[in-house]
Amino acid sequence: MAVRIGELLLKEKRITPEQLQEALNYQRTNGGKLGLNLIKLGYVKDEEITSLLSKQYGVPSIALAQFEIDPAVAKLVPAETAQKYQIVPLSRAGATLTIAMTDPTNVFAMDDIKFMTGYNVEPVVASELAVMDAIAKYYGKAAAAAGNGAGGSSTGPSALEVASRALEDVSLLTADAGDVEVLEELEEISADMLAKQGEEAPVIKLVNVILMSAIQKGASDIHIEPYEKEYRVRYRVDGLLYNIMTPPLKFRDAITSRVKIMAKLDIAEKRLPQDGRIKIRFQDNGSPKDIDFRVSCLPTLFGEKIVMRLLDKDKLMLDMTKLGFEPESLTKFETQIQKPWGMVLVTGPTGSGKTNTLYSSISRINTIDTNIMTAEDPVEFNLVGVNQVQVRENIGLNFAAALRSFLRQDPNIILVGEIRDFETAEIAVKAALTGHLVLSTLHTNDAPSTVNRLMNMGIEPFLVASSLNLVCAQRLVRRICKNCVEPMPTPPAALIQAGFTPEDAKTVVPNHGKGCEKCNGTGYKGRVGLYEVMEVTEELRELILVGASALELRRKAVEEGMITLRGSGLRKVKDGVTTIEEVVRETVK
């Protein structure tokens, strides 16, 4: 909301009601902002307004005329944006950009600049004349061109109009947000009011910008979260969440309704979790491109939290050699998925790339003479030549029911999205023992503990030992940005503590990213997998039969050449692919 400078000056008794009325009349005739007109008429000084705003909003003030701005910092914000919001970027420290503003309450300006630059924005107050002079000084003709046609208004636009204008200036997008086409739009909406809110043009534009910006930034998830006094949007980029913007709280219901309409969900149901899917088409470098968003709505204390998972077919890595497997681990994995029967399990937490590994495995063994059946919840990507079944718990089509049906469909290879319970595990094991190759996932911390997890579910040790061919545990770590990579000499003691041998510690020089425009100052760009591949050999089968612990299985597997998750990470540190911090964050010794 724009600051009411006239009311503040009246409250502080810096001007009289008569002077305010005269300034408003002058403004109607000559245009311009009220504060500037009060200064022109000689009723207040520029410094008085700056001091008042600083005191009122607890934001530091600055004498801008005495401050020298680095031209490189000025370039971070385009001239038209500086002119539009009357702001000047002052300095950058780490991930924080300090800007001088005439109106410290203009959250749209701060959100827009945060969007545009990728930096957190810290405002300071400067006088209006000083900001105008600074814009003219540092932007010159570009600012004058941007300012053509700009006019003032004493009443100010509505919140929706301001939001719309702020969003129009998001220049980072590769495609025009207005060109986004929602496929399979919901036709009938029962809650008329919610539907009307969700169809207002600025709200549509705001949601389109959120979706398009996530694609442009390479995000894997979008989190839209309501709190008591805040409404925020966060993106998960390379595994970490970043604050992107804080839309006004009054837009909460409208944004939620818009997303639900796009995902074909019940907009009147606010008490129960709902899941849906959005498919959008946009122009990417002149050619149409489709992207899916998997949508989950969850009722929270202050409204519905929405999480959207981006499913981009172009980013699905189906070449197993590029996922991050060590050569010896990849050889073991490929050998086992080529076998005619048995079970191969991929384990790891949510978001560790298990689905990608399984899809890569299927692509590797998908030939014209095989019948591949998958049961997934949900089906994330469509694979040519693969029979994919969407699990629907609400009508009784769970993993176990799908598996039973698969066995009557003459399959060669069966993929089960996840083994969650004894019933699914039992059918999967029996399928593996009766001439089928079964691929699936489990949630365990490492490869050896997967064996104990199956036994804890109720599967007999002799069935586990007979059916299990291989277990692959995995994690994702961030890659060092190739554009700003540089050596970072590390003391041998720190390397030894991370897990390197004393001999390696003397020669290994880890890399790190110093931060650049391409990686948004983080030093990381993209992710790579760490893999712990445990092939179930005859010696391991004997240990499983006698009920050995995960520790004993681990010890034996390492003896037989298994590379642990930490070991896989240290190799990638040695090769300069990732940092020690990333490996330590995701693995244990």
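Me: Okay, a crossing counts as right-handed if the near helix is turned clockwise from the far one by less than a right angle. What's the handedness where α18 and α23 cross?

Reply: That crossing is right-handed. Keep in mind that this is a predicted model.

Me: At roughly what angle do the axes of α18 and α23 cross?

Reply: The angle is roughly 145°, and the axes come within 8 Å. In sequence, α18 covers residues 448-457, while α23 covers residues 550-559.

Me: Which residues make that contact?

Reply: From α18 you have P448, S449, V451 and N452, and from α23 there are A550, L553 and R554. Sorted by class, the residues in this contact are four nonpolar, two polar and one charged.

Me: Staying with α18, which of its residues are buried?

Reply: P448, T450, V451, L454, M455 and M457 are the buried ones. Just after the helix comes G458, where phi is positive at about 115°.

Me: Let's try another pair. How do the axes of α16 and α17 cross?

Reply: Helix α16 is residues 399-406 and helix α17 is residues 422-433; their axes come within 8 Å and cross at roughly 20°. Angles under 35 degrees count as roughly parallel, so α16 and α17 are roughly parallel to each other. The crossing here is left-handed.

Me: And which residues meet there?

Reply: On the α16 side they're F399, A400, L403 and R404, and they meet E423, T424, I427 and A428 of α17. That contact has five nonpolar, one polar and two charged residues.

Me: Switching to the inside: how many residues are in the largest nonpolar core, and which touch the most other members?

Reply: It has 44 residues, and M343, V451, V464, L468, M534 and I544 touch the most other members. Helix α17 gives the most to this core, with six residues. You've already met V451, which is one of the buried residues of α18.

Me: What does M343 touch, leaving out residues up to four places away in sequence?

Reply: Its contacts are A428, V429, A432, V438, S467, L468, N469 and L470. A428 also came up in the contact between α16 and α17. Elsewhere there's a second, separate core of 36 residues, with I215, V237, M245 and I255 among them.

Me: Now the backbone oddities. Which residues does the cis peptide bond join?

Reply: D377 and P378, with omega at about -5°. P378 sits in the loop between β12 (372-376) and β13 (387-390).

Me: What about Q86, where is it?

Reply: Q86 is in the loop between α6 (79-85) and β1 (87-93). Its phi is positive, about 55°, although it isn't a glycine.

Me: Why does Q86 count as buried?

Reply: Because its relative accessibility is 8%, and buried means under 20%.

Me: And K264, what's its phi near?

Reply: Near 60°, again a positive value in a residue other than glycine. K264 is found in the loop between α13 (252-262) and β8 (274-284). At 44% relative accessibility, K264 counts as partly exposed.

Me: Last one, zooming out: how many helices and strands does the protein have?

Reply: There are 25 helices and 19 strands. The protein has 589 residues, and 50% of them count as buried. Among contacts between residues at least 6 apart in sequence, 65% join residues at least 24 apart.

Key: Residues numbered from 1 in each chain as written. Predicted model: local features only at pLDDT ≥ 70, side-chain atom pairs only at ≥ 80, totals over all residues. Heavy atoms only, no water. Axes fitted to C-alpha atoms, helices over the stretch in contact; angles between N-to-C directions. Helix = DSSP H or I, 4+ residues; strand = E, 2+ residues; numbered from the N terminus. Parallel < 35°, antiparallel > 145°, perpendicular 65-115°, else oblique. Contact = heavy atoms within 4.5 Å. Nonpolar A, V, L, I, M, F, W, Y, C, P; charged D, E, K, R; others polar. Core = buried A, V, L, I, M, F, W, Y, C linked by side-chain atoms within 4.5 Å. Buried < 20%, exposed > 50% of the residue type's maximum accessible area, 1.4 Å probe, protein only.
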